[in-house]
Amino acid sequence: MEECVSFLVLDGSRLLLERRRLDKDSDAGKLAIPGGRMEPGESQSDTLHRELREELNLRADATRYLCSLQHISERPFLIHYHLVARWQGELVVREAESVCWAAIDGTEATPDLAADRVALA
């Protein structure tokens, strides 16, 4: 099972969501919590910081592990969710089709992936 780290980037009461690119090999075009795959030898923390920088041009100042959940897509994944409550940098979208800020209570937009919805509960 492939392991991934997803990051709940907060800005006050808003949560950053991404629209996955259509050419992705899993969950293409779906609205999701951003994240990426762990590389061999990486810790969850290493992956979190690398992916934040690579995908969004952000640096995390305060993170907290939330949970790990299985997600079955085109193949099974184990997603480790981390809260990013404080961060620095100018948001630059480098990997996703687009991103949006949504109310954390789900009144504006909710992720398409069931595991993401459970992590937010």
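## Helix α1 and its surroundings

H49 is placed in helix α1, in what is a predicted model. This helix spans residues 44-56, and the briefing starts from four of its consecutive positions before turning to the nonpolar cores, the largest pocket, the flanking loops and an aromatic pair. H49 itself is partly exposed, its relative accessible area being 29%, and its C-alpha atom is separated by 22 Å from that of S26, a residue 23 positions away along the chain.

**Helix α1: L48, R50 and E51**

- L48 also has its place in helix α1, and with a relative accessible area of 1% this leucine is buried, since the limit for that class is under 20%.
- Leaving aside neighbours within four places in sequence, the contacts of L48 are with V5, F7, T63, H82 and V84; for T63, which is 15 residues apart from L48 in sequence, the C-alpha to C-alpha distance is 9.2 Å.
- R50, another residue of helix α1, counts as buried at 9% relative accessibility, and, when residues up to four places away in sequence are not counted, R50 touches R37, E39 and E42.
- E51 is likewise found in helix α1 and is buried, with a relative accessible area of 7%; beyond residues up to four places away in sequence, E51 touches F7, G35, G36, R37 and L56.
- R37 therefore appears among the contacts of both R50 and E51, while F7 appears among those of both L48 and E51.

**Nonpolar cores**

- In soluble globular proteins, nonpolar side chains tend to be buried together.
- The largest nonpolar core here has 15 residues, and those that touch the most other members are L8, L15, L17, I33, L69, I79 and Y81.
- Two or more residues of this core come from each of the elements β1, β2 (14-19), β6 and α2 (114-120), and β6 gives the most, with 4 residues.
- L69, apart from its neighbours within four places in sequence, is in contact with F77, L78, I79, Y81, A115, V118 and A119.
- A second core, separate from the largest one, is made of 10 residues and includes L16, L48, L56 and V84; of these, V84 is also listed among the contacts of L48, and L56 among those of E51.

**The largest pocket**

- The largest pocket has a volume of about 370 Å³ and is lined by 26 residues, of which C4, R20, G35, G36 and R37 lie nearest its centre.
- The elements giving two or more residues to this lining are β1 (2-11), β4, α1 and β6, and by class the lining has 9 nonpolar, 5 polar and 12 charged residues.
- G35, G36 and R37, named among the residues nearest the centre of the pocket, are also touched by E51.

**Loops on either side of helix α1**

- P40 lies in the loop that runs between β4 (35-37) and α1 (44-56), and with a relative accessible area of 82% this proline is exposed.
- The C-alpha atoms of P40 and L15 are separated by 29 Å, the two residues being 25 residues apart along the chain.
- N57 is placed in the loop between α1 and β5 (59-72), where, at 27% relative accessibility, N57 counts as partly exposed.
- Most residues other than glycine have a negative phi, and most peptide bonds are trans.
- N57 departs from that sign, with a positive phi of about 65° although this residue is not a glycine.

**An aromatic pair between strands**

- A search of the whole structure finds 1 aromatic pair, formed by W87 and W101, which are stacked at 6.1 Å centre to centre with 15° between the planes.
- Because W87 lies in strand β6 (residues 76-88) and W101 in strand β7 (residues 98-103), the pair ties together parts that are 14 residues apart in sequence.
- W87 counts as partly exposed at 23% relative accessibility, and W101 is also partly exposed, at 23%.
- Strand β6, which holds W87, is also the element that gives the most residues to the largest nonpolar core and one of those giving two or more residues to the lining of the largest pocket.

Note on methods: Residues are numbered from 1 along each chain as its sequence is written. This is a predicted model: local features need pLDDT of at least 70, side-chain atom pairs count only at pLDDT 80 or more; totals for chains, interfaces and linings use all residues. Side-chain values use heavy atoms; hydrogens and water are left out. Rings of Phe, Tyr and Trp (its six-membered ring) pair if their centres lie within 6.5 Å; planes under 30 degrees apart count as stacked, over 60 as edge-to-face and the rest as tilted. Buried means under 20% relative accessible area, exposed over 50%, partly exposed in between (1.4 Å probe, protein chains only). On a 1 Å grid over the protein atoms alone, a cavity is a set of points where a 1.4 Å probe fits but cannot get out, and a pocket is an open set with protein on both sides within 12 Å along at least five of seven lines; lining residues have an atom within 4 Å of a point. Grid points are joined across faces, edges and corners, and a volume is the space filled by probe spheres set on the points. Ala, Val, Leu, Ile, Met, Phe, Trp, Tyr, Cys and Pro count as nonpolar, Asp, Glu, Lys and Arg as charged, and the others, Gly among them, as polar. A nonpolar core is a set of buried Ala, Val, Leu, Ile, Met, Phe, Trp, Tyr and Cys residues joined through side-chain atoms within 4.5 Å. Contact means heavy atoms within 4.5 Å.
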